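User: I'd like to learn how to read a protein model feature by feature. Could you walk me through one?

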Amino acid sequence: MIRIVILGDQEMLLGVIGSLLNLEEDMQVAGQTSNWEEALTLVHRLKPDICIMDAEMTANSGLDAAEAIMAAGSKVIILTTFARAGYWQRALKAGVKGYLLMDSPSEELAESIRSIMKGERIYARELKNEPDCRHEKDESKWPKNSPITDTSNQPSNKKGTVRNYFSAIIEKMKLTAG
């Protein structure tokens, strides 16, 4: 079972992401919070495999929290609306294992978590086109089976909006309740 802690400053989005991941048979959201100091406490106490967090939060930089969380032993995935080179570069230097955008399909998050648990690094395909955002100039060294390598020649899928996340959860809840 992959144990996950989610950190973000939007309560509704925390609930949506947590609900989606809890529907995966091999994943369990062990905790979620909108406070990065509480996230550190959760990580120390719960020892999750992965912490999913935003790059920018109102009270503090998610990247500051990411560094502290990784030092505590959890892998970090940045899940954000920001495809900014500055965040990307800092995340790479910090050792973040994944950098995904919130407009990606929800299935991509679950698959990325599994790939990261296998030792891969996963980055949003949109970042591939940023010349200063590549972690390796040589594409042959990019991780196999990752969104950045597998779908680089395909148009970006923008169906994974927050509205679609809500719709997916509502549909799955209807199926399990009936």
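Analyst: Happy to. One definition to begin with: the expected span of a helix is 1.5 Å times one less than its number of residues. Keep in mind that this is a predicted model. Now take helix 5, residues 106-117: its 12 residues reach 18 Å from the first C-alpha to the last, close to the expected 16 Å.

User: Is helix 5 largely enclosed or not, and how many of its residues are buried?

Analyst: The idea here is that a residue counts as buried under 20% relative accessible area. In helix 5, 9 of the 12 residues are buried, so the helix is largely enclosed by the rest of the structure. Leu109, Ile113 and Ile116 are among them, but so are Glu108 and Arg114. Just after the helix, Gly119 takes a positive phi of about 100°.

User: Which residue that is not a glycine has a positive phi?

Analyst: As a rule, most residues other than glycine have a negative phi. Here, Lys47 goes the other way, with a positive phi of about 50°. You'll find Lys47 in the loop between helix 2 and strand 3. Lys47 is also exposed, at a relative accessible area of 55%.

User: Let's zoom out. What pattern does the protein follow along the sequence?

Analyst: It has 8 helices and 6 strands, and they follow β-α-β-α-β-α-β-α-β-α-β-α-α-α. Of the 178 residues, 47% are buried.

User: And what order do the strands take in the sheet?

Analyst: Pairing is judged from bridges: two strands pair if there are at least two between them. The 6 strands form an open sheet in the order 2-1-3-4-5-6, with parallel pairing. Strand 2 (27-33) and strand 6 (122-123) stand at the edges with a single partner strand each, so one side of each has no neighbour in the sheet.

User: Where do I look for the bridges of strand 1?

Analyst: Try both of its partners. Strand 1 pairs with strand 2 over 6 bridges, in the parallel sense, and Leu7 stands opposite Thr33 of strand 2. Going from strand 1 to strand 2, the chain passes through helix 1, and this β-α-β crossover is right-handed. With strand 3, strand 1 runs parallel and shares 4 bridges; there, Val5 has Cys51 as its bridge partner. Strand 1 is also largely enclosed by the rest of the structure, because 5 of its 6 residues are buried.

User: What about strand 3 and strand 4, and which helix packs on the sheet?

Analyst: Strand 3 and strand 4 pair in the parallel sense over 4 bridges, with Met53 and Ile78 as bridge partners. Helix 1 (residues 11-22) packs on the sheet, touching strands 1, 2, 3 and 4, and its direction makes about 165° with that of strand 2. Helix 2 lies across strand 1 and strand 2, at about 140° to strand 2.

User: Last one: which residues have the most contacts inside the largest nonpolar core?

Analyst: A nonpolar core gathers buried nonpolar residues, such as Val, Leu and Ile, joined through side-chain atoms within 4.5 Å. The largest has 28 residues, and those with the most contacts inside it include Leu7, Met53 and Ile78. Helix 2 gives the largest share, 6 residues. A second, separate core of 20 residues includes Ile4, Leu14, Ile113 and Ile116.

Key:
Residues numbered from 1 in each chain as written. Predicted model: local features only at pLDDT ≥ 70, side-chain atom pairs only at ≥ 80, totals over all residues. Heavy atoms only, no water. Buried < 20%, exposed > 50% of the residue type's maximum accessible area, 1.4 Å probe, protein only. Helix = DSSP H or I, 4+ residues; strand = E, 2+ residues; numbered from the N terminus. Contact = heavy atoms within 4.5 Å. Axes fitted to C-alpha atoms, helices over the stretch in contact; angles between N-to-C directions. Right-handed = clockwise from strand over helix to strand, strands pointing away.
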